[in-house]
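Me: Please take a close look at one residue of this structure and the surroundings it belongs to. I should then like the account to continue, step by step, to other parts of the two chains.

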Amino acid sequence: MAKLSTEEVKHVAHLARLAITDAEAEKFAEQLGKITDFAEQLNELDTTNVEPTSHVFPIVNVMREDVAGEGLDREKMMLNVKEQEAGQVKVPSILE
Amino acid sequence: MTLFERSSTELQEGLHNGELTITQLTQEAFDRIEKLDGDVQAFLALNKEKALAEAAEMDKVPTENRGPLFGLPIGVKDNIVTEGLETTCASKILEGFMPIYDATVVKKLRDAGMVTVGKLNMDEFAMGSSNENSAFKATKNPWNLNHVPGGSSGASAAAVAAGEVPFSLGSDTGGSIRQPAAYCGVVGMKPTYGRVSRFGLVAFASSLDQIGPLTRNVRDNALLLEAIAGVDEHDSTSADVPVPNYASALNGDIKGLKIALPKEFLGEGVGEAAKQSVLDAIEVLKGLGATVEEVSLPHSKYALAAYYILSSSEASSNLSRFDGIRYGYRAEGAKNLMELYKQTRAEGFGDEVKRRIMLGTYSLSAGTYDAYYKKAQQVRTLIKQDYDNVFENYDVIIGPTAPTPAFAIGENVDDPMTMYANDILTIPMNLAGVPAISIPCGFENGLPLGLQLIGKHFDEETLYRVAYAYEQKTDFAKQTPALWEGK
C-alpha cells in the first residue's frame with residue numbers, strides 16, 4: 001500500500017465516473033496518499049478471526065406483505081428531468 | 001431581544017394565554033433571519049409564503065388540540081427532502097432540485113404542528129466539519145463571525161444559536177450534529193442508529209447516518225426527538241423499538257448513576273480548556289450523586305481511519321446516483337453518455353466530495369478491498385466491542401465533544417487530515433451506533449465548548465436525564481452571543 005500514483009488516481013476517477021485533469025490528478029494523488037498513509041495504522045491491529053461489521057444491528061431481510069401500494073406520480077417524477085421527450089428521459093447517444 | 005429566548009414551554013404558555021399567535025412566532029423567525037442572516041448566512045432557501053399561510057390556519061386550531069411543539073418554527077438541514085421546497089445538499093449538482101415528497105421526519109414535523117421556515121446550509125453532502133465545503137455560502141459562528149460554526153450541520157447549529165429559529169434538524173454521520181452544537185453553544189443529539197427514519201435523508205454513509213434535533217435547551221431537544229423518532233415502513237433500518245416520553249425523564253435525579261470517563265477522551269490533541277470543562281462538569285454530576293470512574297476504550301485512536309474508509313466507501317456508492325440523467329445538474333455539450341456522466345460529476349461536485357468518492361472507490365477496488373474496506377469493517381467490530389464492554393458496567397460515558405472550540409474560517413481548508421482531526425471524539429459513536437448528546441459546558445476565548453454524553457443503544461432517555469440535571473445546575477445554555485444585543 002504505497003502512495004497513489006497519478007495513473008492510479010486517473011483510473012479511480014474513471015471508475016467513479018469523474019472527469020479529471022492532469023493537474024487535479026497530481027493534487028488528489030498527494031492528498032489521497034496522505035489519507036491512505038494515515039489508514040496504514042489500522043495494520044497495527046491484529047484482526048485475524050474478527051468478524052467485519054457492516055451494520056451495528058443484525059438486521060436481515062426486512063419484508064413486508066406482497067401487496068401493491070401507491071407509487072410516485074409519473075408526471076411529478078418528470079418534474080426534475082432536464083431533457084425529455086414524449087414523457088421519457090432524453091440522453092446523448094450511447095453507441096458511437 | 002427575541003421571542004426565541006423563551007423555551008417551547010414558555011412559548012406555548014404565550015400561545016395558550018393569548019399573548020402570542022402562531023403567525024407572530026412565524027413572522028418573528030423571518031424577521032430574525034432578515035436582521036441576522038446577512039451576518040450568519042445560515043439559510044439557503046426560505047419557505048415564507050407557505051409558512052405564514054400555514055401559521056394563519058394553525059392559529060384557528062383550538063388550544064386543547066395542540067401538542068407541545070404545535071405552531072413552533074423550525075429550520076431543516078438541506079439534505080432532508082421537503083416537497084416543493086428546493087433541496088440541494090449545498091451542492092451544485094442538486095441546484096434547483098425540487099423534491100416531490102417529504103422525508104418521514106418532515107411529515108412528522110407537520111403532524112406535530114411545527115412550521116418549517118426554511119432550509120439550512122451545510123457542508124456539501126454533509127462532508128465536512130466547518131460548512132466551508134458548501135457550494136453556495138460559508139455560514140459563520142454567531143459567537144464570533146470570523147470562526148466556523150462547525151459542520152456538517154453548521155447552519156442548523158448557527159441558526160439556533162443566533163435565535164433565528166428555536167429548533168432545527170441536522171444529520172450526524174461522524175459528529176455532524178454534535179460538533180457544530182458544541183461550537184455554537186447549543187444542544188445537539190445524535191440518536192441511536194435506527195431510532196429516526198432516514199427516509200428522505202439524502203444518503204451519505206447509510207450505516208452511519210442519523211437525523212437528530214438541535215435546540216437551545218435539553219427539554220426542547222427531548223420533545224423534538226420524541227416527535228421525529230420511531231419505526232418507519234419506508235426505512236428498513238429504522239428500529240421497531242418503543243419511543244419513550246423523554247420529557248417525563250427530566251426530573252433532575254441522577255443519584256447512583258454510573259458514569260465512565262475514558263482516559264483516551266482527555267488524551268493527546270485535546271485542548272486544556274476542553275479537558276478542564278469536562279472535569280468541572282464531572283464535579284457537578286458527582287455533586288448530584290453520580291459516580292465517575294476512569295475506563296479505557298482502547299481502540300479509539302483507530303476510529304478516524306476506519307471511519308474515513310467506511311464512510312467514503314458507502315458515499316462512493318450512494319453518490320453514484322448523481323449522474324445528470326433524471327434530476328440535478330447536467331453538463332452541456334457531452335458527445336456521448338460516458339462523457340455526460342463524467343463531465344456532469346466533475347462540474348457538479350466540489351473537491352471534498354470528489355476526494356471522498358475517489359477514496360471510497362479506491363478502498364472498494366479489487367486489490368485494495370481486503371486491505372482497506374474489510375480491514376476497516378473489522379476494526380469497526382473492535383470499536384463497537386469497546387463500547388459494549390464499558391456499557392456492561394456503566395450507564396453513561398462522558399467526554400468533550402470536540403478537542404477545541406470553533407477554529408477560524410480558512411484555518412484548515414487546505415489540509416484534509418487536520419480538518420478530519422476535529423471529529424476524533426465524535427466518530428466512534430457512529431461506528432458503534434450508540435446515541436450521544438452535546439450540551440454547552442464552558443467557553444474559551446468567548447467561544448463555546450461542548451460536553452458529550454454517550455449512552456447505550458436506544459437509551460437516549462438517560463442521556464436527556466443527565467443533560468437536564470447538569471443544565472439545571474449550570475448557566476452555560478442560558479448565555480447568548482453578543483450579536484443578539486440590540487437585535
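Reply: Ala13(A) is buried, because its relative accessible area is 0% and a residue counts as buried when that value is under 20%. The model in which this is seen is a predicted one. Ala13(A) belongs to helix α1 of chain A.

The surroundings of Ala13(A) come from both chains. If its neighbours within four places in sequence are set aside, Ala13(A) is in contact with Leu18(A), Ile20(A) and Met358(B). Ala25(A) may be placed relative to this residue as well: Ala13(A) and Ala25(A) stand 12 residues apart in the sequence, and their C-alpha atoms are 8.7 Å apart in space.

The contact with Met358(B) leads to the interface between the chains. There, 55 residues of chain A are in contact with 65 residues of chain B. Together the two chains bury about 5400 Å², and 67% of this area is on carbon and sulfur atoms. On the side of chain A, Leu42(A), Val56(A) and Asn80(A) lose the most area to chain B, together 12% of what that side buries.

Polar groups also take part in the interface. Five salt bridges are counted between chain A and chain B. In one salt bridge, the side chain of Lys27(A) meets that of Asp351(B), with 2.7 Å from N to O. The count of residue pairs in polar contact between the two chains is 22. The elements of chain A that give two or more residues to the side touching chain B are α1 (6-15), α2 (22-39) and α3 (74-77). Of these, α2(A) gives the most, with 10 residues.

In chain B, helix α8 deserves separate attention. This helix comprises residues 272-287, 16 residues in number, and reaches 23 Å from its first C-alpha to its last, close to the 22 Å expected. Its buried residues are Ala274(B), Lys275(B), Ser277(B), Val278(B), Ala281(B), Ile282(B) and Leu285(B). Why do they lie on the same side of α8(B)? They do so because they cover an arc of only 160° around the axis. Glu272(B) and Gly287(B), on the other side of α8(B), are exposed. The buried residues are covered by elements of chain B that include β7 (258-262), β8 (291-295), β9 (396-400), β10 (436-444), β11 (447-455) and α15 (460-473). After α8(B) comes Gly289(B), with a positive phi near 100°.

Positive phi values also occur in chain B at residues other than glycine. Asn445(B) has a phi near 50° and is found in the loop between β10 and β11, two of the strands among those that cover α8(B). Asn445(B) is exposed, because its relative accessible area is 74% and the exposed class begins over 50%. Gln41(B), which is not a glycine either, has a positive phi of about 60°. Its place is the loop between α2 (22-40) and β1 (43-46) of chain B. With a relative accessible area of 23%, Gln41(B) is partly exposed.

One further backbone feature completes the account. The peptide bond that joins Gly151(B) and Ser152(B) is cis, with an omega of about 10°. Ser152(B) is located in the loop between β3 (115-120) and α5 (154-161) of chain B.

Technical notes. Residues are numbered from 1 along each chain as its sequence is written. Chains are lettered from A and ligands numbered from 1 in the order in which they are written. This is a predicted model: local features need pLDDT of at least 70, side-chain atom pairs count only at pLDDT 80 or more; totals for chains, interfaces and linings use all residues. Side-chain values use heavy atoms; hydrogens and water are left out. Helices (H or I, at least four residues) and strands (E, at least two) are DSSP runs, numbered from the N terminus. The expected span of a helix is 1.5 Å times one less than its number of residues. Buried means under 20% relative accessible area, exposed over 50%, partly exposed in between (1.4 Å probe, protein chains only). The arc is that of the directions from the helix axis to the C-beta atoms. Contact means heavy atoms within 4.5 Å. Buried area is the accessible area (1.4 Å probe) that two parts lose on being put together, summed over both. A salt bridge is a side-chain nitrogen of Lys or Arg within 4 Å of a carboxyl oxygen of Asp or Glu. A polar contact is a pair of N or O atoms within 3.5 Å; within protein, one must be able to donate a hydrogen and the other to accept it, and residues adjacent in sequence count only if both atoms are side-chain atoms.
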